[in-house]
Amino acid sequence: MNTDSIQLEQSWKQKLSSEFGREYFKALRSFVHNEYANKNVFPHPRDMFRAFNLCPFDDVKVVILGQDPYHGPGQANGLCFAVNEGTALPPSLQNIFKEIESDLGHSVEKNGDLERWARQGVLLLNATLTVRAREAGSHQGRGWEEFTNAVVRVLSEEREGVVFMLWGRYAKDKGKDIDWGKHLVLEAAHPSPFSAHSGFFGCKHFSRANEYLKNRGEEPIQW
């Protein structure tokens, strides 16, 4: 991962430029480069920064925080909770679609890629942007979390009126630096089958986000 050739959308590259020279990022860059060279790593390198490339800094309306990419073949595509088109929908994504339909009262497209959301201003951000095949969490604690903390921080500090959806304890902890006075922060249980019935179903985050955006004079998201 050579920072001179990072395929990162220009506005994000500018906002995050100070991170690239820090020691943790240098170590992360070396680690990720070696992992791709010697292991089976997801997502494909071209999709590592896909969440950013589809959703420039000034276009972000909503942030959804995930943990790390799916580690099964053909799943991870650089967008949290999303999978490549044609791939079976993971249980958490199935539950997200169920909540949207219940919340909004109509059916929604079941394509798991979610690029359609990203292009409308939904930053689908995993805390860790890479993972070793079939080894969940294998790239945690290597520096990605610090990098994505910087993403949340710069959005909180330099933008106003962003909706942050924090599902589960991990996402809530990661959002601890968000300025609640400037943004709408929505918290709920994780959409996993293990916790969805404990507060994700019925959270109505999608209608609440759209109502907030409309009240600010912005286009709502077509979920």
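**Exercise 1. Cysteine 80 and cysteine 55**

Determine whether cysteine 80 counts as buried or exposed in this predicted model, and establish how many disulfides the structure holds.

*Solution.*
Step 1. The relative accessibility of cysteine 80 is 1%. Because buried means under 20% relative accessible area, cysteine 80 counts as buried.
Step 2. Cysteine 55 has a relative accessibility of 0% and therefore also counts as buried.
Step 3. A disulfide requires two cysteine sulfur atoms within 2.5 Å. From the sulfur of cysteine 80, the closest cysteine sulfur is that of cysteine 55, at 11 Å, which is too far for a bond.
Step 4. The structure accordingly holds 0 disulfides. Cysteine 55 is in none, its nearest cysteine sulfur being that of cysteine 80.

**Exercise 2. The setting of histidine 190**

Locate histidine 190 among the secondary-structure elements, classify its exposure and state which residues it touches.

*Solution.*
Step 1. Histidine 190 lies in a loop; β6 (184-188) and α9 (205-215) are the elements on either side of this loop.
Step 2. The relative accessible area of histidine 190 is 27%. Since partly exposed covers the range between under 20% and over 50%, histidine 190 is partly exposed.
Step 3. When residues up to four places away in sequence are not counted, histidine 190 touches Phe81, Ser92, Trp167, Gly168, Ser195, Ala196 and Phe200.
Step 4. For a distance across the chain, take valine 32: 158 residues separate it from histidine 190 in sequence, and their C-alpha atoms are 28 Å apart.

**Exercise 3. The chain as a whole**

Decide, from the radius of gyration, how compact the chain is for its 223 residues, and describe its composition, burial and contacts.

*Solution.*
Step 1. The chain contains 9 helices and 6 strands.
Step 2. Its radius of gyration is 17 Å, close to the 17 Å given by the globule rule for 223 residues, so the chain is as compact as a globular protein of that length.
Step 3. Along the principal axes, the C-alpha atoms fill a box of roughly 45 × 35 × 25 Å.
Step 4. Of the 223 residues, 54% count as buried.
Step 5. Among contacts with a separation of 6 or more, 66% join residues 24 or more positions apart.

**Exercise 4. Surface and charge**

State what share of the accessible surface belongs to carbon and sulfur atoms, and how far apart the mean positions of the positive and negative charges are.

*Solution.*
Step 1. The accessible surface of the chain is about 10200 Å², and carbon and sulfur atoms account for 44% of it.
Step 2. The chain has 27 positive and 29 negative charges.
Step 3. The mean positions of these two sets are 3 Å apart.

Definitions and conventions
Residues numbered from 1 in each chain as written. Predicted model: local features only at pLDDT ≥ 70, side-chain atom pairs only at ≥ 80, totals over all residues. Heavy atoms only, no water. Buried < 20%, exposed > 50% of the residue type's maximum accessible area, 1.4 Å probe, protein only. Helix = DSSP H or I, 4+ residues; strand = E, 2+ residues; numbered from the N terminus. Rg over C-alpha atoms; globule rule 2.2 N^0.38 Å. Contact = heavy atoms within 4.5 Å. Areas by Shrake-Rupley, 256 points an atom, 1.4 Å probe, with all protein chains shown as cover. Lys, Arg positive; Asp, Glu negative; His and termini not counted. Charge placed at Lys NZ, Arg CZ, Asp CG, Glu CD.
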